[in-house]
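Trainee: Got a minute to go through this fold with me?
Mentor: Sure. Let's put it on screen.

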Amino acid sequence: MAFLHLKFAKINLEKIENKKEFLKKLSDNLKRQGMRGSYAENRKGFYNVEVFNTFISFYYYKDLPSKVDILNRSNTDLEEVPFPDRELKRILVFEEGYIVYETFRLHKGSFKEIRDRINQAWSLDNKEQLDVEEIKEFDYHLLKEFYKRAERISHLKVIETGKIKPNPHYPARYIKELVEDYGKFGNSVEFKTRNKKGENLKKTEIVDKGFFPISLPLFVAGKEKGDIHFSIHLSGKITSYAPDDTEKKEQRMEELARRVISSFERNKAKK
């Protein structure tokens, strides 16, 4: 199994009338941009660009020049030698303008790099660059949705303890009063299982019927049907186990992306 670490961004498409044509144009430019740099080092670019009905999919590749210390032939000292490394991340762009991307390893890249590289491709035949912003926060209702769909919850952190209006009903009075009293002395509380078989925070009444419905979820981790483990943070990041099989991993990424984008669109419709 492998981990999928996903984050989101949004392209401002107010000035673009035909969204499908935009996706086709962007995909063509990504192909034209292709891979830049020498074969030996510093290659960066896009490949395997595919156009689907409502989104495009592509991979961003870059070399990561690095060095390692190895023992010299005389076994007397260490010498520094080049060590080839790379970063390969999948990116999806949807017709609504949402970008979903696999995050880089620590200190190996950033959202700004992805944004700038996409804009380099877009500017091959466009005067104006794309206006792209990172989505740095989810709506807490999305975290509640993940909690409710999960078969098992192993980790839950909430803030605004006892201060959130529930949907649809408040818990029993004694539970409500207990949670609200806790909130008077601490704004956040965290619950974890010991990862033993059968342990499940959803089966703990004070959590499931008290802290969860009338607090703001900050972090939720658990397992969904099909033994799919996940974690989601209010700061805008989702992590999930994904099969090593490339096709199944891509399907998992697309499924997660659609769930989050549907939440974005629902919230937008309410405003």
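**Helix packing and strand pairing**

Mentor: Start with the helices. The axes of helix H1 (residues 19–33) and helix H2 (residues 111–122) come within 8 Å and cross at roughly 95°. Keep in mind that this is a predicted model.
Trainee: Why call H1 and H2 roughly perpendicular to each other?
Mentor: Angles of 65 to 115 degrees count as roughly perpendicular. The H1 and H2 axes cross at roughly 95°, so the two helices are roughly perpendicular to each other.
Trainee: Which residues in H1 and H2 meet?
Mentor: From H1, they are Phe22, Lys25, Leu26, Asn29, Leu30 and Gln33. From H2, they are Ile118, Gln120, Ala121 and Trp122.
Trainee: How many nonpolar, polar and charged residues are in that H1 contact with H2?
Mentor: Six are nonpolar, three polar and one charged.
Trainee: Switching to strands. Which strand does E1 join through five bridges, with Leu6 in play?
Mentor: Strand E1 (residues 2–11) joins strand E14 (residues 237–242) through five bridges, and the two run antiparallel. Leu6 stands opposite Ile238 in E14.
Trainee: And how many bridges pair E1 with E8?
Mentor: Five, in the antiparallel sense, with E8 covering residues 98–102.
Trainee: What stands opposite Lys7 in E8?
Mentor: Tyr101 does.
Trainee: What about E9: how many bridges pair E9 with E1?
Mentor: Four. E9 spans residues 132–135, and its pairing with E1 is antiparallel.
Trainee: Which residue in E9 faces Ala9?
Mentor: Glu134 stands opposite Ala9.

Technical notes:
Residues numbered from 1 in each chain as written. Predicted model: local features only at pLDDT ≥ 70, side-chain atom pairs only at ≥ 80, totals over all residues. Heavy atoms only, no water. Pairing = 2+ DSSP bridges. Axes fitted to C-alpha atoms, helices over the stretch in contact; angles between N-to-C directions. Parallel < 35°, antiparallel > 145°, perpendicular 65-115°, else oblique. Contact = heavy atoms within 4.5 Å. Nonpolar A, V, L, I, M, F, W, Y, C, P; charged D, E, K, R; others polar.
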